[in-house]
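Work through the exercises below with the model open. Each task is followed by a stepwise solution.

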Amino acid sequence: MACSRTCSRILGLSLGTTALFAAGANMVLLFPNWEVTYLLRGLVGRHAMLGSGLWGGGLMVLTAAILISLMGWRYGCFSKSGPCRSILTALLSSGLALLGALICFTTSGVALKDGPFCMFYVSSFNQTQGWKYGYPFKDLNNRNYMYDHSLWNSVCLEPTKAVVWHVCFFSTLLCISFLQILLVVIHFFNSFLGLFCSLCEKS
């Protein structure tokens with residue numbers, strides 16, 4: 001039982017740390033090239049504006065991490081909680097963290113698939129040409145911008161290095177949310193192990 005509580009403390013701390021990193025990565029995505037002008041002009045992509053790293057992989061996971069840590073340290077209302085109360089809290093915290101991490105993971109995956117929101121050159125059938133903001137890599141049929149680095153600096157005019165910024169931080173969010181999912185699964189099994197041990201001790 002003591003081993004299970006120690007594991008909960010470690011998992012709570014780990015989840016809390018990943019939540020802060022997820023929130024930080026999403027915040028950076030709101031300020032391409034560290035400039036606030038794009039956000040003020042409404043020229044930030046919808047995936048970043050959705051803020052799944054802030055409220056999903058961030059706030060929801062952080063809330064679950066606090067609950068898990070309180071259970072591990074037996075602090076406050078968890079100091080004398082029985083096995084049923086502990087497992088219900090574990091299920092609640094696991095579900096909350098898993099939902100937040102999955103939302104962040106899915107949004108990051110879609111964002112990487114669609115590509116960055118940037119200014120790019122367009123040429124329509126009626127010969128009108130110009131520049132506009134949008135997702136230039138979204139409808140590429142035969143080329144994947146993730147692997148074709150020649151497209152990274154030739155398509156997006158503004159912000160500069162928009163592709164690098166987008167790929168770097170959404171990949172970070174994707175990895176963080178995947179790690180969060182793994183930690184939640186470990187916590188789920190750890191909670192049931194703790195319940196089993198406590199029932200064995202009472203029998």
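**Exercise 1.** In this predicted model, find which residues T107 touches, leaving out those up to four places away in sequence. Then decide whether T107 is buried or exposed.

*Solution.*
1. Apply the sequence filter: T107 touches H47, L50 and S52.
2. Place the residue: T107 sits in helix α5, which spans residues 83-114.
3. Check its side chain: a polar atom there lies 2.8 Å from the backbone oxygen of I103.
4. Classify: buried means under 20% relative accessible area. T107 has 10% relative accessibility, so T107 counts as buried.

**Exercise 2.** Find how many cavities of 30 Å³ or more the whole structure holds, and describe the lining of the largest cavity by class.

*Solution.*
1. Search the whole structure: two cavities reach 30 Å³ or more.
2. Take the largest cavity: its space is about 190 Å³.
3. List its lining: there are 17 residues, with L29, P32, G45, F117 and H166 closest to the centre.
4. Assign elements: α3 (46-50) and α6 (162-202) each give at least two lining residues. The largest share is four residues, from α6.
5. Sort by class: twelve are nonpolar, five are polar and none is charged.

**Exercise 3.** State what secondary structure the protein has, and in what order its elements run.

*Solution.*
1. Count: six helices and three strands.
2. Order from the N terminus: α-α-α-α-α-β-β-β-α.
3. Add burial: 45% of the 203 residues count as buried.
4. Add contact range: of contacts between residues at least 6 apart in sequence, 71% join residues at least 24 apart.

Definitions and conventions
Residues are numbered from 1 along each chain as its sequence is written. This is a predicted model: local features need pLDDT of at least 70, side-chain atom pairs count only at pLDDT 80 or more; totals for chains, interfaces and linings use all residues. Side-chain values use heavy atoms; hydrogens and water are left out. Buried means under 20% relative accessible area, exposed over 50%, partly exposed in between (1.4 Å probe, protein chains only). A polar contact is a pair of N or O atoms within 3.5 Å; within protein, one must be able to donate a hydrogen and the other to accept it, and residues adjacent in sequence count only if both atoms are side-chain atoms. Contact means heavy atoms within 4.5 Å. On a 1 Å grid over the protein atoms alone, a cavity is a set of points where a 1.4 Å probe fits but cannot get out, and a pocket is an open set with protein on both sides within 12 Å along at least five of seven lines; lining residues have an atom within 4 Å of a point. Grid points are joined across faces, edges and corners, and a volume is the space filled by probe spheres set on the points. Ala, Val, Leu, Ile, Met, Phe, Trp, Tyr, Cys and Pro count as nonpolar, Asp, Glu, Lys and Arg as charged, and the others, Gly among them, as polar.
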